[in-house]
Every structure is written in C-alpha cells, then in structure tokens.
Amino acid sequence: MRSSPEPEALAPGRRWEAQIPADRRKRLGQWLTPWWAVEAVTAEALRGLGPNPVILDPACGDGRWLLAAGRQRPDATLLGWDIDADALSAAAEVAHHAGLQVRLSQRDALVGDEQGIADVI
C-alpha cells in the first residue's frame with residue numbers, strides 16, 4: 001500500500017503533541033505514530049470486516065488511527081478513549097476537520113471489562 005501524505009486534518013494533533021512536556025509524554029506513552037504506519041496497519045486490521053463495524057481505539061491520542069479507519073471504512077462506528085482530556089480535545093478537532101463522527105470518552109482502557117463492544121481494536 002502506498003502511503004499518502006499526512007492529512008491536514010491532523011494539524012490539531014501536531015499542535016497538541018508540541019505542547020506536551022517530554023516527561024509527561026514519556027510517563028503517558030504519548031508518541032504519535034507516523035501516518036504511513038497508521039495507514040498500513042489500519043488497512044490490514046480492517047481487512048475482512050463485515051458491514052458497519054464498530055472500531056475502538058482505546059488510547060486514541062490525537063485520533064489519527066480513527067481518522068485512518070474512518071477514511072478506509074466510512075460505514076464504521078468509531079469510538080475513541082483516552083485518559084488525557086487534552087488528547088481528546090485534539091481528537092475531537094481532528095475528527096471535526098475530517099468530517100468524521102467519532103464518540104470520544106475520557107477513560108482508562110486498562111480499567112474495566114469491556115469485552116465485546118467492538119469488532120476491532
């Protein structure tokens with residue numbers, strides 16, 4: 001799969017990333033995956049899904065994985081979780097700029113038992 005340039009819709013995510021202090025990024029593991037990798041992995045992960053899948057990103061950061069999923073599967077329901085309110089704000093802005101409907105929640109994906117809520121994570 002040939003990668004496209006990083007979408008302009010991700011600009012809010014880049015601004016969010018730039019403002020995070022290095023120690024906080026390290027503690028929370030907040031590193032943005034390169035767009036070429038996001039596109040390639042998403043294409044493979046979504047292969048073979050039936051119609052109208054539910055796709056969950058349990059640590060969505062700036063929403064780039066949801067953006068890729070929404071571009072590749074416009075019929076999908078997109079869910080994004082993150083423990084960082086600022087990350088969710090960036091993800092909401094990215095989704096808005098991209099014209100995507102995404103349900104975002106501030107929560108810790110490592111707490112709780114949410115099995116079966118999504119077709120792919």
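## A tour from the cavity outward

Start by selecting G63, L66, L67, A91, V94, A95, L100, V102 and L104: together these residues line the largest cavity in this predicted model. The volume of that cavity is about 30 Å³, and the count of cavities of 30 Å³ or more comes to 1. Colour the selection by residue class and the lining of the largest cavity divides into 8 nonpolar residues, 1 polar residue and no charged ones.

Now colour by secondary structure. At least two lining residues of the largest cavity come from each of α4, α5 (85-98) and β3. Which of the elements gives the largest share of this lining? That is α5, with 3 residues.

**L100**

Keep the cavity on screen and pick L100, which sits in the loop between α5 and β3. Leaving aside residues up to four places away in sequence, L100 touches L66, L67, G70, L78 and A95. Of these contacts, L66, L67 and A95 also belong to the lining of the largest cavity, as does L100 itself. Add R71 to the selection and draw the C-alpha to C-alpha distance from L100: the two residues are 8.6 Å apart in space and 29 residues apart in sequence.

**The sheet**

Next, hide the side chains and show the strands. They form an open sheet of 3 strands in the order β1-β2-β3, with parallel pairing. The edges are β1 and β3 (102-106), each of which pairs on one side only. From one strand to the next the twist averages 20°.

Zoom in on β1 and β2, which are joined by 4 bridges in the parallel sense. To find one of these places, select V54 and its bridge partner in β2, T77. Then bring back α4, the helix that packs on the sheet and touches β1, β2 and β3. How does α4 run relative to β2? The direction of α4 makes about 175° with that of β2.

**The largest pocket**

Turn to the open sites. Select L28, G29, A59, C60 and D82, the residues nearest the centre of the largest pocket, which has 21 lining residues. Two or more residues of that lining come from each of α4 (64-72) and β2 (77-82). The volume of the largest pocket is about 390 Å³. Colouring its lining by class gives 12 nonpolar, 4 polar and 5 charged residues.

**The second largest pocket**

For the next stop, select T42, I55, L56, W65 and I121; among the 13 lining residues of the second largest pocket, these lie nearest its centre. The elements that supply two or more residues here are α3 (35-46), β1 (54-57) and α4. The largest share, 4 residues, comes from α3. This pocket has a volume of about 220 Å³. By class, its lining has 11 nonpolar residues, 1 polar and 1 charged.

At this point α4 is worth highlighting alone. This helix contributes to the lining of the largest cavity, to that of the largest pocket and to that of the second largest pocket, and it also packs on the sheet.

**The whole chain**

Finally, clear the selections and show the full cartoon. The protein has 5 helices and 3 strands. Followed from the N terminus, the elements run α-α-α-β-α-β-α-β. The radius of gyration is 14 Å, close to the 14 Å that the globule rule gives for 121 residues, so the protein is as compact as a globular protein of that length. Rotate the view along the principal axes, where the C-alpha trace spans about 40 × 35 × 20 Å.

Notes. Residues are numbered from 1 along each chain as its sequence is written. This is a predicted model: local features need pLDDT of at least 70, side-chain atom pairs count only at pLDDT 80 or more; totals for chains, interfaces and linings use all residues. Side-chain values use heavy atoms; hydrogens and water are left out. On a 1 Å grid over the protein atoms alone, a cavity is a set of points where a 1.4 Å probe fits but cannot get out, and a pocket is an open set with protein on both sides within 12 Å along at least five of seven lines; lining residues have an atom within 4 Å of a point. Grid points are joined across faces, edges and corners, and a volume is the space filled by probe spheres set on the points. Ala, Val, Leu, Ile, Met, Phe, Trp, Tyr, Cys and Pro count as nonpolar, Asp, Glu, Lys and Arg as charged, and the others, Gly among them, as polar. Two strands pair if DSSP finds at least two bridges between them. Axes are lines fitted to C-alpha atoms, for helices over the stretch in contact, and angles run from 0 to 180 degrees between N-to-C directions. Contact means heavy atoms within 4.5 Å. The radius of gyration is taken over C-alpha atoms; the globule rule is 2.2 Å times the number of residues to the power 0.38.
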